[in-house]
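Thanks for making time this morning. I would like to walk you through one structure, so please keep the display open while I talk.

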Amino acid sequence: MAFPQQRLRRTRRTPGLRALVRETGLSPEGFVYPIFVAAGEDVRRPVDSMPGVYQLSINNAVGEAKRVRALGVPAVLLFGIPDHKDETASGAYDPEGIVQLAVRAIKDAVPELIVITDVCLCEYTSHGHCGVVEGETGEVMNDVTLELLARTAASHAEAGADIVAPSDMMDGRIAAIRSELDREGFENTPIMAYSAKYASAFYGPFREAAESAPRFGDRRSYQMDPANAREALREVRLDIEENADIVMVKPALPYLDIIHRVRQETDLPLAAYNVSGEYAMIKAAARQGWLDERSVVLEALTSIRRAGADIIISYFAPQVAEWLAE
Ligand code: PBG
């Protein structure tokens, strides 16, 4: 029986009824907040294209970690901006590197905060690519890079990282990292794999924040083609075979279909990365007075959850935690 017996508006009449039948919701528990840690003392350098986001020296990153934890955000994701870059990304796996020092300082100050580290070489290589580059051809070499990624992940675990998150998109990196972690006695450190990571123009502001734009070429020989969906499922299946503990889709909003399909493909926890360009777009429109920031942010993040993500990595995390607490 349809209208007039059926009226969907019946359960939309009051805030109480709407809340009663609500299918998904946002809570701070599933949020991860990215932090850019820079070398130097007492640095707090604003990122122009990401209002509200800063490059922070370790002391200020610790302050930020305390602040977000107090708001109920359970986890941070650390990116390092080293003061030295070279061909082999030595700063990435230096036991005294910027991320390793930051992990120790944050775990000391806020032990209950979950510290996740981004495992990639692009912030540490002189050319800005996510792996070792073959001099003559400019090709990013897969198998040599695996060793460095594995060393990087183990050095993060050694420093006290709770989760390592490889974002490089080399083939075989989850297996390489898992076996290195196990060999070094970190068999309890989970891997959050950036499984379906697309070659996206939405990373533009991040590359300003992390000073990691490639000096030549682009990342399309390792990150995924935005036109492909089935291939994302292959990436996810391979990462699961290689024993990833959490899989990720990145970016989030332009790839809600991928989040939805991955959700149906696996029972693993699923993360989605609401990336820098998604943040910058909303901030820019809100500043112009063209969108209402709070409503748009809550709607956008709810759509990521509705598509099937358990974990949302977002620069909006502390702000959303504040709004949800009101
Ligand atoms: C490192 C990395 C990138 C992002 C996360 N890890 C940049 C890239 O791949 O170029 C992007 C995050 C964002 O845009 O917020 N490889």
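Tyr 315 counts as buried, because 25 C-beta neighbours lie inside 10 Å, and the threshold for that label is 20 or more. I should say at once that this is a predicted model, so everything I describe is computed from predicted coordinates. In the chain, Tyr 315 is found in the loop between S12 and H11, and, leaving aside residues up to four places away in sequence, Tyr 315 touches Pro 34, Met 50, Val 53, Ser 276 and Tyr 279.

One of those contacts deserves a second look, since the UniProt annotation "binding site", from an unreviewed entry, covers both Ser 276 and Tyr 315. The two positions span 40 residues in sequence, yet their C-alpha atoms are no more than 7.4 Å apart, so they gather at one spot. Ser 276 itself is found in helix H9, and Ser 276 is buried too, because 25 other C-beta atoms lie within 10 Å. Apart from residues up to four places away in sequence, Ser 276 touches Met 50, Tyr 203, Pro 205, Phe 206, Ala 209 and Tyr 315; Met 50 therefore appears in the contact lists of both annotated residues.

Which residues are around the ligand? They are Asp 118, Cys 120, Cys 122, Cys 130, Ser 167, Tyr 203, Phe 206, Arg 207, Arg 219, Val 275 and Ser 276. By class, this shell divides into six nonpolar, two polar and three charged residues.

The record also lists Glu 235 under "binding site", again in an unreviewed UniProt entry. Is Glu 235 buried or exposed? Glu 235 is buried, with 22 other C-beta atoms within 10 Å, and it lies in helix H7, which runs over residues 230-241. Its contacts, not counting residues up to four places away in sequence, are Ser 195, Ala 196 and Met 224.

Let me turn now to helix H10, which covers residues 293-307. With 15 residues, H10 reaches 21 Å from its first C-alpha to its last, close to the 21 Å expected at 1.5 Å a residue. Within H10, the buried residues are Val 297, Ala 300, Leu 301, Ile 304 and Ala 307. Seen down the axis of H10, these buried residues fall within an arc of 120°, so they line one face of the helix. The general background is that an α-helix has 3.6 residues a turn, so residues three or four places apart point the same way. The face of H10 turned away from the buried side carries the exposed residues Ser 295 and Glu 299.

What covers the buried residues of H10? The cover includes helix H8 (256-265), strand S11 (270-274), helix H9 (276-287), strand S12 (311-314) and helix H11 (317-325). Just after H10, Gly 308 takes a positive phi of about 130°.

Finally, a word about Ala 159, which is found in helix H4, residues 142-159. Ala 159 counts as buried, because 21 C-beta neighbours lie inside 10 Å. The C-alpha atoms of Ala 159 and Pro 95 are separated by 7.6 Å, although these residues are 64 residues apart along the chain. Setting aside residues up to four places away in sequence, Ala 159 touches Gln 100, Val 103 and Arg 104.

Key: Residues numbered from 1 in each chain as written. Predicted model: local features only at pLDDT ≥ 70, side-chain atom pairs only at ≥ 80, totals over all residues. UniProt positions renumbered as here; feature names shortened; annotations may be inferred. Helix = DSSP H or I, 4+ residues; strand = E, 2+ residues; numbered from the N terminus. Buried ≥ 20, exposed ≤ 12 C-beta atoms within 10 Å, placed from the backbone. Contact = placed C-beta atoms within 7 Å. Expected span 1.5 Å × (residues − 1). Arc of directions from axis to C-beta. Near = placed C-beta within 6 Å. Nonpolar A, V, L, I, M, F, W, Y, C, P; charged D, E, K, R; others polar.
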